[in-house]
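These are my notes from going through one model, entry by entry. I began with the enclosed space and then worked outwards to helices, loops and confidence.

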Amino acid sequence: MRRYGKHTDEDDIRTRPGRRNTRPRTSIRPKHEDAAEGLVLTVDRGRLTCLVDDRTVMAMKARELGRKAAVVGDRVALVGDLSGRKDTLARIVRIEERTSVLRRTADDDDPYERVVVANADQLAIVTALADPEPRPRLIDRCLVAAYDGGLTPLLVMTKSDLAPPDELLELYGALDIPYVVTSREELENGDAADRVREHLAGKVTAFVGHSGVGKTTLVNALVPEERRRITGHVNAVTGRGRHTTTSALALPLAGAGGWVVDTPGVRSFGLAHVDPSRVIHAFPDLEPGTEGCPRACSHDEPDCALDQWVADGHADPARLYSLRRLLATRERTEGD
């Protein structure tokens, strides 16, 4: 069947453009100089709840960010609808440089690194003194992750009415870690929250701990109203804004100028991402002694210069023992 007349010209012929005839792409991306600053409070199913000025805004990551993901604690730049009204959505177009990163892997053989919290100043490691029993290997692993990520550790021991803290304090005494000891009664009457709050003022503190130690109970006591305010606008279909045990949540600490980040309970804390050579930075009294170490020294071998450094009286032997115990955590399981 003839589709054109006798006297057609090339303008009458419709052609399908080839792939190379489409509009060329450009690598130049908009700078979004008018973007608003925000803080990521929680992440749920690809939706991020952000604090912009004094309101919470729901947002999603812009495609131009590629695989780079924003996590709780990230400082971000947002464009789009920033009103915070229900069913509105903004775009995160930039993630600012991080000052610290708390990371973990599922286990020591897992190459996939998970960023738990960004820009935190402090890591509060919550452990019960009994029911459940303390897990020193898990505490050690959390300490290594804190030192590696640039966070200062804080040890919070709960349920002192069931067991004394002496043994655990002796184990970690050489590390000079700040600590708080609380009981069940103090968690219920608010005294525990007041004592912990003294260590949190003006800081961003991430809380970690395994199930049953009282971590979330303590966090709720520290910020009783803020969790409901931030997570109250839940979409029944998508679950937007909902905080569950599968996601971290940043909450402002009223009157203290700080932030509390509640993280899901952990069963394990893999350290596949940790470079052991960075852990020494948490021991400033031992670090100068490594200058005489052989190249790529593990600091736990016969030729390590730290042995002589300690023998000459430059540092406490207990500190060297603690360093080597932490460095060995990657080679031990948390239940050992």
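**Largest cavity.** I listed the residues that line the largest cavity and found I125, V126, T127, R135, L138, I139, C142, G209 and H210. The model is predicted, and I kept that in mind when reading its volume, which comes to about 60 Å³. Looking for the elements behind this lining, I noted that β8 (122-128) and α1 (136-149) each supply at least two of the residues. Sorted by class, the lining has five nonpolar, three polar and one charged residues. I also checked how many cavities of 30 Å³ or more the structure holds, and the count is two.

**Loop between β8 and α1.** Since both elements had come up at the cavity, I looked at the loop between them, where P132 lies. The peptide bond joining D131 and P132 is cis, with omega at about 5 degrees. I marked it because most peptide bonds are trans.

**Largest pocket.** I next turned to the largest pocket, for which the volume is about 670 Å³. It is lined by 25 residues, and those closest to its centre are A70, V71, R114, V115 and V116. Which strand gives the largest share of this lining? It is β7, with three residues. By class I recorded 15 nonpolar, five polar and five charged residues in the lining of this pocket.

**T105.** I then looked up T105, which sits in the loop that runs between β6 (101-104) and β7 (114-118). The residue has a relative accessible area of 1%, so I entered it as buried, the cut-off being under 20%. A polar atom of the T105 side chain lies 3.5 Å from the backbone nitrogen of L271.

**Helix α8.** For α8 (residues 317-327) I asked why the helix should be called largely enclosed by the rest of the structure. The reason is that eight of its eleven residues are buried; they are R319, L320, S322, L323, R324, R325, L326 and L327. I traced what these buried residues pack against, and the partners are α1, α2 (166-172) and α7 (306-311). At the N-terminal end of α8 I found a cap provided by D316, with a side-chain oxygen 2.9 Å from the backbone nitrogen of A318.

**Positive phi.** I searched the loops for positive phi outside glycine, because most residues other than glycine have a negative phi. D87, in the loop between β4 (75-80) and β5 (90-95), has a phi near 65 degrees. K159, in the loop between β9 (152-158) and α2, has a positive phi of about 60 degrees. Are these residues buried or exposed? D87 counts as exposed, at 55% relative accessibility, whereas K159 is buried, with a relative accessible area of 9%.

**Confidence.** Finally I checked the confidence of the prediction: the mean pLDDT of the protein is 83, and 81% of its residues reach 70 or more. Over residues 231-245 the pLDDT is below 50, although this stretch has 28 contacts in the model beyond near neighbours in sequence. I left those contacts unexamined, because predicted coordinates should not be read in detail where pLDDT is low.

Conventions: Residues are numbered from 1 along each chain as its sequence is written. This is a predicted model: local features need pLDDT of at least 70, side-chain atom pairs count only at pLDDT 80 or more; totals for chains, interfaces and linings use all residues. Side-chain values use heavy atoms; hydrogens and water are left out. On a 1 Å grid over the protein atoms alone, a cavity is a set of points where a 1.4 Å probe fits but cannot get out, and a pocket is an open set with protein on both sides within 12 Å along at least five of seven lines; lining residues have an atom within 4 Å of a point. Grid points are joined across faces, edges and corners, and a volume is the space filled by probe spheres set on the points. Helices (H or I, at least four residues) and strands (E, at least two) are DSSP runs, numbered from the N terminus. Ala, Val, Leu, Ile, Met, Phe, Trp, Tyr, Cys and Pro count as nonpolar, Asp, Glu, Lys and Arg as charged, and the others, Gly among them, as polar. Buried means under 20% relative accessible area, exposed over 50%, partly exposed in between (1.4 Å probe, protein chains only). A polar contact is a pair of N or O atoms within 3.5 Å; within protein, one must be able to donate a hydrogen and the other to accept it, and residues adjacent in sequence count only if both atoms are side-chain atoms. pLDDT is the predictor's confidence in each residue, from 0 to 100. Contact means heavy atoms within 4.5 Å.
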